[in-house]
Amino acid sequence: MNIIALLLAYAFMEFVAWSNHKYVMHGFLWRWHKDHHVNDLKRADDELRKEKGFEKNDLFFLIYAIPAIVLMITGLSNKNNLLIFIAAGITLYGLTYFLLHDVIYHKRIRITFLQENNNRYTRAIIAAHRAHHKPKNAKDFNNYGLLVFPLRYFNQ
Ligand SMILES: [Zn+2]
Ligand SMILES: [Zn+2]
């Protein structure tokens, strides 16, 4: 049961990330997300990011961390395993997002073994996210999710 709660929380976070990206980041909080989109026009996909440091966009990471921390503390202090597992699911999703999006795709830091050994699924994730950053058409730009995307990106 706890594991199911963890997996559901993880899957739910993909939905949260997708809807937040689509309606909030490209909506009324575009001013926080904008700097995530300006840099990549100047940069080839396979080079390590030269401009180091934080983006305003990273504020979203902090906001996502808050519910996970609150749930974890509440779960631990009330010995409620369900809350602990839900918090773990959110945290694992955040870690996945960071590794796939910030390390593997945007190469903000160098972790060679992650960046060089991409499987078919990871390559499709990269293709889908690249489509959002460097869209050739409106459909491309519409890739607001990370782990879930149209199947056509498996063939690119
Ligand atoms: Zn975006
Ligand atoms: Zn990105």
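**Figure 1. Sequence spacing and coordination of the zinc ion (ligand 1) in the predicted model.** The donor residues of the zinc ion (ligand 1) follow the spacing H-x4-H-x6-H-x3-H-x94-H in sequence. The donors are His-21 (NE2), His-26 (NE2), His-33 (NE2), His-37 (NE2) and His-132 (NE2), at 2.1 to 2.2 Å. Donors are N, O and S atoms within 2.8 Å of the metal (3.2 Å for Na, K and Ca); water is not among the atoms, so sites may look incomplete. Two of these donors link distant parts of the chain: His-21 belongs to helix H1 (residues 2-28) and His-37 to helix H2 (residues 30-38), 16 residues apart. Helices (H or I, at least four residues) and strands (E, at least two) are DSSP runs, numbered from the N terminus. His-21 is buried at a relative accessible area of 3%, and His-37 is buried at 11%. Buried means under 20% relative accessible area, exposed over 50%, and partly exposed in between (1.4 Å probe, protein chains only). This is a predicted model, in which local features need pLDDT of at least 70 and side-chain atom pairs count only at pLDDT 80 or more, while totals for chains, interfaces and linings use all residues. Residues are numbered from 1 along each chain as its sequence is written, chains are lettered from A and ligands numbered from 1 in the order in which they are written, and side-chain values use heavy atoms, with hydrogens and water left out.

**Figure 2. Coordination of the zinc ion (ligand 2)****.** Here the donors are His-36 (NE2), His-101 (NE2), His-106 (NE2), His-129 (NE2) and His-133 (NE2), at 2.1 to 2.2 Å from the zinc ion (ligand 2). Their spacing in sequence is H-x64-H-x4-H-x22-H-x3-H. His-36 sits in helix H2 and His-133 in helix H6 (residues 120-133), so the pair ties together parts that are 97 residues apart in sequence. His-36 is buried, with 2% relative accessible area. His-133, at 4% relative accessibility, also counts as buried.

**Figure 3. Surroundings of Asn-20 in helix H1****.** At 13% relative accessibility, Asn-20 counts as buried. Leaving aside residues up to four places away in sequence, Asn-20 touches Met-25, Phe-60 and Tyr-64. A contact here means heavy atoms within 4.5 Å.

**Figure 4. Nonpolar surface patch of Phe-61, Phe-98 and Ile-109****.** Together these residues have about 230 Å² of accessible area. Patches are made of residues with over 30% relative accessible area and no salt bridge; like charges are joined within 9 Å, and nonpolar side chains (Val, Leu, Ile, Met, Phe, Trp, Tyr) within 5 Å. A salt bridge is a side-chain nitrogen of Lys or Arg within 4 Å of a carboxyl oxygen of Asp or Glu. Accessible areas come from the Shrake-Rupley method with a 1.4 Å probe; for residues, only the protein chains shown count as cover. Ile-109 is located in the loop between helix H4 (81-105) and helix H5 (112-116). With 39% relative accessibility, Ile-109 counts as partly exposed. From Ile-109 to Arg-31 the C-alpha to C-alpha separation is 24 Å in space, and the two are 78 residues apart in sequence.

**Figure 5. Positive phi values at Lys-79** **and Lys-107****.** Lys-79 is a residue other than glycine with a positive phi, near 50°. Lys-79 lies in the loop between helix H3 (59-77) and H4, and is exposed, with a relative accessible area of 75%. Lys-107 likewise has a positive phi near 50° in a residue other than glycine. Lys-107 belongs to the loop between H4 and H5, but counts as buried, at 13% relative accessibility.

**Figure 6. The fold that frames the close-up views.** The protein has seven helices and zero strands, in the order α-α-α-α-α-α-α along the sequence. Its radius of gyration is 16 Å, close to the 15 Å that the globule rule gives for 156 residues, so the protein is as compact as a globular protein of that length. The radius of gyration is taken over C-alpha atoms, and the globule rule is 2.2 Å times the number of residues to the power 0.38. The C-alpha trace spans about 50 × 35 × 30 Å along its principal axes. Of the 156 residues, 40% count as buried. Among contacts between residues at least 6 apart in sequence, 63% join residues at least 24 apart. The protein exposes about 9400 Å², of which carbon and sulfur atoms supply 69%.
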